[in-house]
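Trainee: Got a minute to go through this model with me?
Mentor: Yes, put it up.

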Amino acid sequence: MNTDEDRANMPQDASDAGGVRAALITVNAVLVLEALGLVAVVVWLVVDLLSMAPSSYATAIALLVLVVLAAVWVVAVAIGSFRRAPWARASAIVWQVLQVSIAVGAFQGMFARADVGWVLLVPAITVIGLLLWTPVRVAYTRDDAERAPHGA
């Protein structure tokens, strides 16, 4: 539902483009799904750590810590994207580039998993493309008055 208040808060170029709303919804949905996926991986790693004996506890705990940090980061990016915070766009692009590199690795090697590679690659390329689209980029920008409150 597009209200007049939403249009007033959006930059003019972004509110006029018909597909921008769908693009923003798609970006937010993909970021939320990625955040939920990372939270699921954290739960899976915790269950594995508690139920099975890893070959190296130090490596297992280090991997768990890294995935927890990534999950917290992507959750924060998803929340920032809903608020259209300018930093969220840049951070989402960084996350998508990292995801592309993981997808490329999933296509290669002795334990290659093309299915995992495609599941990671397609949303990452989609989100990067949408975030680089000019009307979406404009939707994530703020006026100078919003950037520097109180005349600072």
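Mentor: We can take the fold, then the helix packing, then single residues.

Trainee: What kind of model is it, and how are residues numbered?
Mentor: This is a predicted model, where local features need pLDDT of at least 70, side-chain atom pairs count only at pLDDT 80 or more, and totals for chains, interfaces and linings use all residues. Residues are numbered from 1 along each chain as its sequence is written, and side-chain values use heavy atoms, with hydrogens and water left out.

Trainee: How many helices and strands are there?
Mentor: The protein chain has eight helices and zero strands. Along the sequence the pattern reads α-α-α-α-α-α-α-α. Helices (H or I, at least four residues) and strands (E, at least two) are DSSP runs, numbered from the N terminus.

Trainee: What share of the chain is buried?
Mentor: Of the 152 residues in the protein chain, 32% are buried. Buried means under 20% relative accessible area, exposed over 50%, and partly exposed in between, with a 1.4 Å probe and protein chains only.

Trainee: OK, packing. How do people describe two packed helices?
Mentor: By the angle between their axes and the distance between the axes. Axes are lines fitted to C-alpha atoms, for helices over the stretch in contact, and angles run from 0 to 180 degrees between N-to-C directions.

Trainee: So what is the angle between H3 and H4?
Mentor: Roughly 160°, and their axes come within 9 Å. H3 and H4 are therefore roughly antiparallel. Angles under 35 degrees count as roughly parallel, over 145 as roughly antiparallel, 65 to 115 as roughly perpendicular and the rest as oblique.

Trainee: And how does H3 pack with H5?
Mentor: H5 covers residues 86-106, and H3 packs with H5 at about 60°, with the axes 12 Å apart. That pair is therefore oblique.

Trainee: What about H3 and H6?
Mentor: Their axes cross at roughly 140° and come within 10 Å. That makes H3 oblique to H6.

Trainee: Which hand do the crossings have?
Mentor: H3 passes H4 in a left-handed crossing, H3 passes H5 in a left-handed crossing, and the crossing of H3 and H6 is left-handed. A crossing is left-handed if the near helix is turned anticlockwise from the far one by less than a right angle, and right-handed if clockwise.

Trainee: Switching to the surface. Which residues form the nonpolar patch?
Mentor: Val39, Val43, Val47, Val75 and Ile79, with about 370 Å² of accessible area together. The elements that give two or more residues to the patch are H3 (20-51) and H4 (57-82). H3 gives the most, with three residues.

Trainee: What counts as a patch?
Mentor: Patches are made of residues with over 30% relative accessible area and no salt bridge; like charges are joined within 9 Å, and nonpolar side chains (Val, Leu, Ile, Met, Phe, Trp, Tyr) within 5 Å. Accessible areas come from the Shrake-Rupley method with a 1.4 Å probe, and for residues only the protein chains shown count as cover.

Trainee: Where does Ile79 sit?
Mentor: In H4. Ile79 has a relative accessible area of 42%, so it is partly exposed.

Trainee: How many salt bridges turn up?
Mentor: A search of the whole structure finds one. Arg113 pairs with Asp115, the closest N and O atoms being 2.7 Å apart. A salt bridge is a side-chain nitrogen of Lys or Arg within 4 Å of a carboxyl oxygen of Asp or Glu.

Trainee: Are those two residues buried or exposed?
Mentor: Neither: Arg113 is partly exposed at 44% relative accessibility, and Asp115 is partly exposed at 43%.

Trainee: And Ala114, where is that?
Mentor: Ala114 lies in H6, residues 114-132. At 39% relative accessibility, Ala114 is partly exposed. Its C-alpha is 8.4 Å from that of Ala103, 11 residues apart along the chain.

Trainee: What is the phi of Arg84?
Mentor: Positive, about 55°, although Arg84 is not a glycine. Most residues other than glycine have a negative phi. Arg84 lies in the loop between H4 and H5, and at 30% relative accessibility it counts as partly exposed.

Trainee: Last one: where is Thr141?
Mentor: In the loop between H7 (134-139) and H8 (144-147). Thr141 and Trp87 are 54 residues apart in sequence and 9.4 Å apart in space, C-alpha to C-alpha.
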